[in-house]
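Please open the model in your viewer and keep the selection tool at hand, since this tour moves from one selection to the next and says what can be found at each stop.

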Amino acid sequence: MKHVMLLSGGFDSSLGLTKLVKENGAENVVAIFFNIGQRNFERENEAVKWFTDKYGVKLFVLDLPVDRTSKNEKPGRNPLMILKALNFIRSKYEDDECTLYTMDEWCHTDDYKYGYPHRDFSVSCDVGDYKGLMTQLVEGETSGKVHFEMPVKGKSLLSMRPWLKKYNYTLDDLQHSISCYAGTNCGKCYACGKRKYLEDVVFNKDAAPEFGWDE
Ligand SMILES: [Zn+2]
């Protein structure tokens, strides 16, 4: 069984990669990173390589021509990546059963209470039964040889505290990840707001005391 993580270089997917490696062993984990023409491609690629080198995970970089010139994510972008990734997996690991993982569909209700920035735009995974549709796509296209998982569906960032400890994902790891819509840590965009929230609240065990570090 191959465990395939769609890796962007940000916190979510690098945490997902860490989880998969600790649970399944690096030799059974594969990462896919997309070149979609993003402005941060070089920096994201560097971050992705930092994580895959750290764990000794095989990395594939795939090209997908999606317009990423506007500052926000494009609705519909993620399903295209999933479709491209699963076709790649089938060609590469014809005889193996695989599971494809994305870190979409957080539920931020708890996070908003502690200053997590509201977003005024929606992405693919916010719409309808995204997981059900993607599961149909992935399993249907591969006759059930590839499975689909969304490990953080319905979870808040704050609820990731036990994962950080369990899988040993550190502040140093967070600081090697990259996500900024404007460029290099602009401090103003949604992604930078999320990073500040992660550093201030999620990694700071004294904040938000009703969520126990050891739960
Ligand atoms: Zn930014």
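**The central sheet**

Begin by colouring the strands of this predicted model, and you will find five of them forming an open sheet with parallel pairing, in the order β3-β2-β1-β4-β5. The edges are held by β3 (58-63) and β5 (146-149), each of which has a single partner strand, so one side of each is left without a neighbour in the sheet. From one strand to the next, the twist averages 25 degrees.

**From β1 to its two partners**

Select residues 2-6, which are strand β1, together with residues 98-101, which are strand β4; the two run parallel and are joined by four bridges. To see one of these pairings, pick K2, whose bridge partner in β4 is C98. Now add β2 to the selection, because β1 and β2 also run parallel and are joined by four bridges. Here H3 is the residue to pick, as its bridge partner in β2 is V29.

Next, show residues 11-24, helix α1, which with β1 and β2 makes a right-handed β-α-β unit.

**Outward to β3**

Keep β2 in view and add β3: these strands run parallel, with six bridges between them, and the bridge partner of V30 in β3 is K58. Between the two strands the chain passes through α2, and this β-α-β crossover is right-handed as well. While β2 is selected, consider how much of this strand is covered: six of its seven residues are buried.

**Helices on the sheet**

Which strands does helix α2 touch? Select residues 41-55 and you will see this helix packing on the sheet against β2 (29-35) and β3, with its direction making about 175 degrees with that of β2. Then move to residues 130-141, helix α5, which also packs on the sheet but touches β4 and β5, its direction making about 165 degrees with that of β5.

**The last stop: helix α8**

Finally, select residues 190-202, helix α8, and display the side chains of A191, K194, R195, Y197, L198, V201 and V202, which are buried. If you look down the axis of α8, these buried residues fall within an arc of 165 degrees, so they line one face of the helix. What do they pack against? Add α1, α4 (109-113), α6 (161-166) and α7 (171-176) to the view, since the buried residues of α8 pack against these helices.

Methods: Residues numbered from 1 in each chain as written. Predicted model: local features only at pLDDT ≥ 70, side-chain atom pairs only at ≥ 80, totals over all residues. Axes fitted to C-alpha atoms, helices over the stretch in contact; angles between N-to-C directions. Contact = placed C-beta atoms within 7 Å. Buried ≥ 20, exposed ≤ 12 C-beta atoms within 10 Å, placed from the backbone. Right-handed = clockwise from strand over helix to strand, strands pointing away. Arc of directions from axis to C-beta.
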